[in-house]
Amino acid sequence: MSNTPFVPVRIGTGFDVHAFGPGDQLMIGGVPVAHSCGVLAHSDGDVVLHALCDAMLGALALGDIGQHFPPTDERWKGADSMAFLTHCNQLLAARGWRVGNADITVICERPKVGPHALAMRERIAQGLGIGLDCVSVKATTTEKLGFTGRGEGIAAQAAVLLVVQP
């Protein structure tokens, strides 16, 4: 038991990255996006959902996505990351919390995220059981700097605010 006074909000952040590899599409925010390659990953490699899950888990000090879905476990080979999001959301609910809002940034030169951002927001909001106005998905480049700038991979960062369930 903690001696820390109860505060009815929690904040978490998450970050994920995957190198590009063979394939012709990426899963980004639960949405398949056509691309000239796929990603190297044990699951479907959805950087948005992985970063979001890490943010949710971190807000409640429940570890990280790798502890809940180890890449050494064959059950998660090629897994749909929406299952990870559902699991994390259930962990929150069991402890009396829900996501109040999520703010996610995709970091890559290509593919262009803007045309798919609304579909990603809709998929994430549905998966979390929250309103569309509580989910932000946006993108940025690194101005051709670093591994994302050289087109070697994709990254995402997420921040969440958890609130006590009404």
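In helix α4, the residues Ala117, Met120, Ile124, Ala125 and Leu128 are buried (under 20% relative accessible area with a 1.4 Å probe, protein chains only; over 50% is exposed, and partly exposed lies in between). They sit on the same side of α4, because they cover an arc of only 125° around the axis. That arc is taken from the directions from the helix axis to the C-beta atoms. This is a predicted model: local features need pLDDT of at least 70, side-chain atom pairs count only at pLDDT 80 or more, and totals for chains, interfaces and linings use all residues. Residues are numbered from 1 along each chain as its sequence is written, and side-chain values use heavy atoms, with hydrogens and water left out.

**Helix α4**

- Helix α4 covers residues 117–128. Helices (H or I, at least four residues) and strands (E, at least two) are DSSP runs, numbered from the N terminus.
- At 1.5 Å a residue, its 12 residues should span 16 Å, and the end C-alpha atoms are 16 Å apart, which agrees. The expected span is 1.5 Å times one less than the number of residues.
- An α-helix has 3.6 residues a turn, so residues three or four places apart point the same way.
- The cover over the buried residues of α4 includes β2, β3, α1, α3, β5 and β6.
- Gly129 comes just after α4 and takes a positive phi of about 70°.

**Main sheet**

- Five strands form an open sheet in the order β4-β1-β7-β5-β6, with mixed pairing. Two strands pair if DSSP finds at least two bridges between them.
- β4 (38–39) and β6 stand at the edges with a single partner strand each, so one side of each is left without a neighbour in the sheet.
- β5 and β6 run parallel and are joined over six bridges. Ala102 has Val135 as its bridge partner in β6.

**Hairpin β2–β3**

- β2 (residues 25–28) pairs with β3 in the antiparallel sense over four bridges. Ala34 of β3 is the bridge partner of Gln25.
- Two residues lie between the strands of this hairpin, and Gly29 takes a positive phi near 65°.
- β3 (residues 31–34) has two faces: Val31 and Val33 are covered, whereas Pro32 and Ala34 are uncovered.
- His35 follows in the loop between β3 and β4. It is buried, with a relative accessible area of 16%.
- His35 touches Phe20, Gly23, Asp24, Gln25, Leu26, Arg110 and Pro111, not counting residues up to four places away in sequence. Contact means heavy atoms within 4.5 Å.

**Annotated binding site**

- UniProt (unreviewed entry) lists Asp16, His18 and His50 under "binding site". Those three span 35 residues in sequence, yet no two of their C-alpha atoms are more than 10.3 Å apart, so they gather at one spot.
- UniProt positions follow the numbering used here, feature names are shortened, and annotations may be inferred rather than shown by experiment.
- Asp16 is in strand β1 (residues 9–21). Asp16 is buried, at 14% relative accessible area.
- His50 is in helix α1. His50 is buried too, at 5%.
- The side chains of Asp16 and His50 make a polar contact of 3.2 Å. A polar contact is a pair of N or O atoms within 3.5 Å; within protein, one must be able to donate a hydrogen and the other to accept it, and residues adjacent in sequence count only if both atoms are side-chain atoms.
- Beyond four places in sequence, residues touched by Asp16 include Asp46, Val47, Ile154 and Ala155. On the same terms, those touched by His50 include His18, Ser43, Ile65 and Phe84.

**Other buried positions**

- Cys53 is in helix α1 (residues 47–59). With 0% relative accessibility, Cys53 counts as buried.
- Leaving aside neighbours within four places in sequence, Cys53 contacts Ile65, Phe84, Leu85 and Cys88.
- Asp73 is in the loop between α2 (65–68) and α3 (81–94). Its relative accessibility is 19%, so it counts as buried.
- A 2.7 Å polar contact joins the side chains of Asp73 and Arg75.

**Domain record**

- UniProt (unreviewed entry) lists residues 9–162 as "domain: 2-C-methyl-D-erythritol 2,4-cyclodiphosphate synthase".
- Over residues 9–162, the chain is 31% helix and 32% strand, and the end C-alpha atoms are 5 Å apart.
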